Amino acid sequence: MNTGAAYGHWLLVAVNSILLLAFAFSFFRPHTRRDWRTFGAFGAFVVALFVEMYGFPLTIYLFSGWLIRRYPQIDWFSHDSSHLLQTLTGWRGDAHTGPLHLASNLLILGGMILLITAWRVLYKAQRSKTIAVDGPYAMIRHPQYAGFILILSGFLVQWPTLPTLVMFPALTLMYVRLAKREEKESLATWGREYALYAQCTPRFYPHLRKKKNAG
């Protein structure tokens with residue numbers, strides 16, 4: 001697993017951060033101060049992630065003494081070995097074909113697809129001044145926030161670090177609070193119509209049992 005050190009690539013840090021944030025920006029379109037705060041928190045997570053992935057492996061440095069004593073045969077500063085969760089669970093070989101990496105890719109891709117489809121529905125609803133209830137909004141009330149959480153979860157599975165492990169629960173809690181605040185605003189705007197929609201549509205997780213019975 002000794003593939004050589006894979007850090008100090010600050011251009012990769014910048015390029016990957018910009019690409020992912022540009023993608024998220026294009027389908028989230030922040031307008032209000034609250035939107036920008038939400039997007040900024042997501043951006044901080046992304047930058048912290050890519051800094052450790054390609055720039056400076058802070059987490060590995062902090063735990064290097066224990067890691068080297070516990071696993072002396074592993075070069076912890078190679079790119080493959082730096083997939084901490086995968087290496088610590090005993091996976092050997094190319095980390096990019098490992099089960100955890102593949103699972104993380106599915107989470108990230110699912111989150112991106114959710115952001116794209118949710119934005120299209122929300123954009124139409126905003127233009128027609130109606131409640132977004134189609135597409136992913138027919139299954140959950142906040143697909144955009146759910147999409148962000150899926151993307152963050154995928155990266156956390158792929159490349160867990162101390163900063164992102166601390167930031168993830170804080171970001172998740174922030175999204176939950178923002179979702180509840182938006183619901184209050186929507187209820188004040190749409191009244192009974194939104195109340196009925198919220199009553200039969202879960203906040204973040206599809207109600208599979210209800211969907212099955214409805215069919």
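In what order do the elements of the chain run from the N terminus on? I opened this predicted model with that question and read off α-α-α-α-α-α-α-α-α. My tally agrees: the secondary structure comes to nine helices and zero strands.

**Extent and confidence**

I looked up the box next. Along the principal axes, the C-alpha atoms fill roughly 65 × 40 × 25 Å. The pLDDT averages 87 over the chain, and 94% of the residues score at least 70. I then went looking for the weak spot and found residues 211–215, where pLDDT stays under 50. The model has zero contacts beyond four places in sequence for this stretch. A note to myself: where pLDDT is low, the predicted coordinates should not be read in detail.

**Positive patch**

Which residues form the positive surface patch? I listed Arg 33, Arg 37, Arg 177, Lys 180, Arg 181 and Lys 184. Helix H2 (33–55) and helix H7 (162–190) are the elements that give two or more residues to this patch. H7 supplies the largest share, four residues, and I checked that Arg 181 sits in this helix.

**Nonpolar patch**

I also found a nonpolar patch on the surface, made of Trp 10, Phe 56, Leu 58, Tyr 61, Leu 62, Phe 63, Leu 162 and Leu 165. Together these residues have about 770 Å² of accessible area. Here the elements giving two or more residues are helix H3 (58–70) and H7. Which helix gives the most to the nonpolar patch? I got H3, with four residues. Leu 162, for its part, lies in helix H7. So I pencilled H7 in under both headings, as a contributor to the positive patch and to the nonpolar patch.

Note on methods: Residues numbered from 1 in each chain as written. Predicted model: local features only at pLDDT ≥ 70, side-chain atom pairs only at ≥ 80, totals over all residues. Heavy atoms only, no water. pLDDT = per-residue confidence, 0-100. Contact = heavy atoms within 4.5 Å. Patch = residues over 30% accessible without salt bridge, like charges linked within 9 Å, V, L, I, M, F, W, Y side chains within 5 Å. Areas by Shrake-Rupley, 256 points an atom, 1.4 Å probe, with all protein chains shown as cover. Salt bridge = Lys/Arg side-chain N within 4 Å of Asp/Glu carboxyl O. Lys, Arg positive; Asp, Glu negative; His and termini not counted. Charge placed at Lys NZ, Arg CZ, Asp CG, Glu CD.
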